[in-house]
Amino acid sequence: MTYWQAEVETMSRADLEKLQLEYLKKTIRIATNSPFYNKIFKEHHITSDSICSLDDLKKIPFTTKEDLRNNYPFGMAAIPIQQCVRLHSSSGTTGNPTVVLHSAKDLNEWANQVARCMYMVGLRDTDIFQNTSGYGMFTGGLGFQYGAEKLGALTVPAAAGNTKRQLKFITDFGTTCLHIIPSYATRLAEVMRESGIDPRRDTKLHTVCIGAEPHSEEQRLRIEELLGVKAYNCFGMSEMNGPGVAFECKEQNGMHIWEDYVIVEIIDPVTLEHVPEGEVGELVLTTINREAMPLLRYRTRDLTRIISGDCPCGRTHKRIDRFKGRSDDMIILKGVNLFPIQIETVLMKFKELGNNYLITIDQDEMQIEVELSDLFTDDYSVLQRLTKEITRQLKDELLLTPKLKLVGRGSLPVQEGKAVRVKDLRKF
Ligand code: COA
Ligand code: AMP
Ligand code: ZN
């Protein structure tokens, strides 16, 4: 068995926990320089000396997405902005987005995390890696880019969309590995079939890294079958840098989460207490090797569980299970995150629209049905123009294009009590 960093990947649990405590104390020292944590530490009498064991982490309050928004843009920074070399920011223009800042060292560590994951699934410097993630602010773009370069692979930064061009690159350049969002992997396979390309015969593809959106084990197996590859589940989130936080190894029994980078907790999202090992709860992560913007006890809102026991691959870092959903109402579609409130905010700007709307998600399509207001006309060309304008504004807000359907007043089910605005028909 070979490893990217054998010493750290197979470290004994006792040594790993010792390392975590040392890194945690260092992180507390760094975080004291952030206006946000400085205030919290003062209020709770926290210093690096008051953290004597990993259990003392509990003395620190949770950090939430709301905290990031309230401290937009740079209130969470723990080093001077001039020492930061990049930021990533969440999508959406409604309210404040979240911002994550990185120093050059942070970016180097992040690239190392991704390279470690890629090596773990058998990728080497001989591979040709094509990334179908959006670049720019989506961390799946630059995150995988620098990780794959660190590994030494030849990289093809194809970015999202333009499926015919993706296929040309795959066949012409001999792409062996893709980073691809699960729903797009199925789409790519469909276009391959329509174009008469047999992935086993006509391409060199052998591995795909799939993540950034929820998917079932059945969907993973289907992707393997459709593309003739091994498909590995990978988890990342922008607040934790991006891809590379946790990744399946070749055993494909859970994703190893790199505990020299994060401390893992699983809590009950209601009581906020730890759940017993093996039970599903919300994943809470603490960065312990980041300097520009450490995050302590960050509530990811992702629901998962720790898979107990040793992994035959020899890596000692904990494994987390495929995600079971979220403890908030965030929707992930085509690798894009959005909240229903963003849709509502756009819709409510139009006086031609009523108050009742319904969002239906099926596979990688989102349909928004919205009732017209009483005042409004049924002139077809006016309705067409209106549909186009609302769709354009929704696309600007969401970064993806929903199917919009304007319907007559009273056509949608009457919402009683707490309105159910989202029908997600996907199976995870
Ligand atoms: N990744 C890459 N390409 C995708 C995709 C995905 N998740 N979902 C759809 N596409 C392709 C479509 O097949 C289409 O290809 P075509 O040019 O061959 O027709 C093209 O992108 C446009 O898709 P469409 O559904 O018409 O547009 P949209 O406006 O709804 O969505 C995307 C725009 C796909 C560009 C946008 O959703 C996106 O950038 N997604 C990727 C997000 C990402 O990288 N996340 C990573 C987070 S780590
Ligand atoms: P982003 O910050 O845009 O990268 O989105 C992060 C979110 O995407 C996570 O909090 C998860 O909800 C989701 N996500 C990322 N990877 C996976 C995965 N492998 N399986 C399921 N959901 C994922
Ligand atoms: Zn393993």
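Biologist: How much space lies in the second largest pocket?

Modeller: In this predicted model, the second largest pocket holds about 520 Å³ of space. Its lining comprises 19 residues, and those nearest its centre are Ser 183, Thr 186, Gln 219, Gln 363 and Asp 364.

Biologist: What makes a residue count as part of the lining of a pocket?

Modeller: A lining residue must have an atom within 4 Å of a point of the pocket. For the second largest pocket, 19 residues line the space. Helix 8 (182–194) and helix 10 (217–227) each contribute at least two of them, and helix 8 gives the most, with four residues.

Biologist: Which classes of residue make up this lining?

Modeller: Ten residues of the lining of the second largest pocket are charged, five are polar and four are nonpolar.

Biologist: Why is the second largest pocket said to lie between two domains?

Modeller: Its lining takes residues from both domain 2 (107–236) and domain 3 (331–424), so the pocket lies between them.

Biologist: Why is ligand 1 also placed between two domains?

Modeller: The shell around ligand 1 receives residues from domain 2 (107–236) and from domain 3 (331–424), and therefore ligand 1 lies between these domains. The shell numbers 20 residues, the closest being Gly 134, Gly 161, Thr 163, Lys 334 and Thr 401. By class it has eight nonpolar, nine polar and three charged residues.

Biologist: What makes the pair formed by Lys 334 and ligand 1 a polar contact?

Modeller: A polar side-chain atom of Lys 334 lies 2.5 Å from an oxygen atom of ligand 1. The cut-off for a pair of N or O atoms is 3.5 Å, so the pair formed by Lys 334 and ligand 1 qualifies. Backbone atoms take part as well: a polar one of Gly 161 is 3.0 Å from a nitrogen atom of ligand 1, and a polar one of Gly 335 is 3.0 Å from a nitrogen atom of this ligand. Of the 880 Å² that ligand 1 exposes when taken alone, the protein buries 74%.

Biologist: Which residues come nearest to ligand 2?

Modeller: Asn 233, Cys 234, Ser 238, Asp 302 and Asn 337 come nearest, out of 17 residues around ligand 2. Strand 7 (residues 230–236) supplies the largest share of this shell, four residues. Domain 1 (6–102 + 249–326) and domain 2 (107–236) each provide at least three residues.

Biologist: How do you know that Asp 302 makes a polar contact with ligand 2?

Modeller: An N or O atom in the side chain of Asp 302 is 2.5 Å from an oxygen atom of ligand 2. The limit is 3.5 Å, so the pair of Asp 302 and ligand 2 is a polar contact. A polar side-chain atom of Asn 233 lies 2.8 Å from a nitrogen atom of ligand 2, and a polar backbone atom of Ala 212 is 3.1 Å from a nitrogen atom of the ligand. The protein covers 90% of the 490 Å² of accessible area that ligand 2 has on its own.

Biologist: Why is a space called a cavity and not a pocket?

Modeller: A 1.4 Å probe fits in a cavity but cannot get out, whereas a pocket is open. A search of the whole structure finds two cavities of 30 Å³ or more. The largest cavity has about 80 Å³ of space, which meets the 30 Å³ threshold of the search. Helix 5 (residues 104–120) gives the most to its lining, with three residues. The second largest cavity has about 40 Å³, and its lining includes Arg 86, Trp 110 and Tyr 146.

Conventions
Residues are numbered from 1 along each chain as its sequence is written. Chains are lettered from A and ligands numbered from 1 in the order in which they are written. This is a predicted model: local features need pLDDT of at least 70, side-chain atom pairs count only at pLDDT 80 or more; totals for chains, interfaces and linings use all residues. Side-chain values use heavy atoms; hydrogens and water are left out. On a 1 Å grid over the protein atoms alone, a cavity is a set of points where a 1.4 Å probe fits but cannot get out, and a pocket is an open set with protein on both sides within 12 Å along at least five of seven lines; lining residues have an atom within 4 Å of a point. Grid points are joined across faces, edges and corners, and a volume is the space filled by probe spheres set on the points. Helices (H or I, at least four residues) and strands (E, at least two) are DSSP runs, numbered from the N terminus. Ala, Val, Leu, Ile, Met, Phe, Trp, Tyr, Cys and Pro count as nonpolar, Asp, Glu, Lys and Arg as charged, and the others, Gly among them, as polar. Domain bounds come from an automatic or database domain assignment. A residue is near a molecule or strand if one of its heavy atoms lies within 4 Å of it. A polar contact is a pair of N or O atoms within 3.5 Å; within protein, one must be able to donate a hydrogen and the other to accept it, and residues adjacent in sequence count only if both atoms are side-chain atoms. Accessible areas come from the Shrake-Rupley method with a 1.4 Å probe; for residues, only the protein chains shown count as cover.
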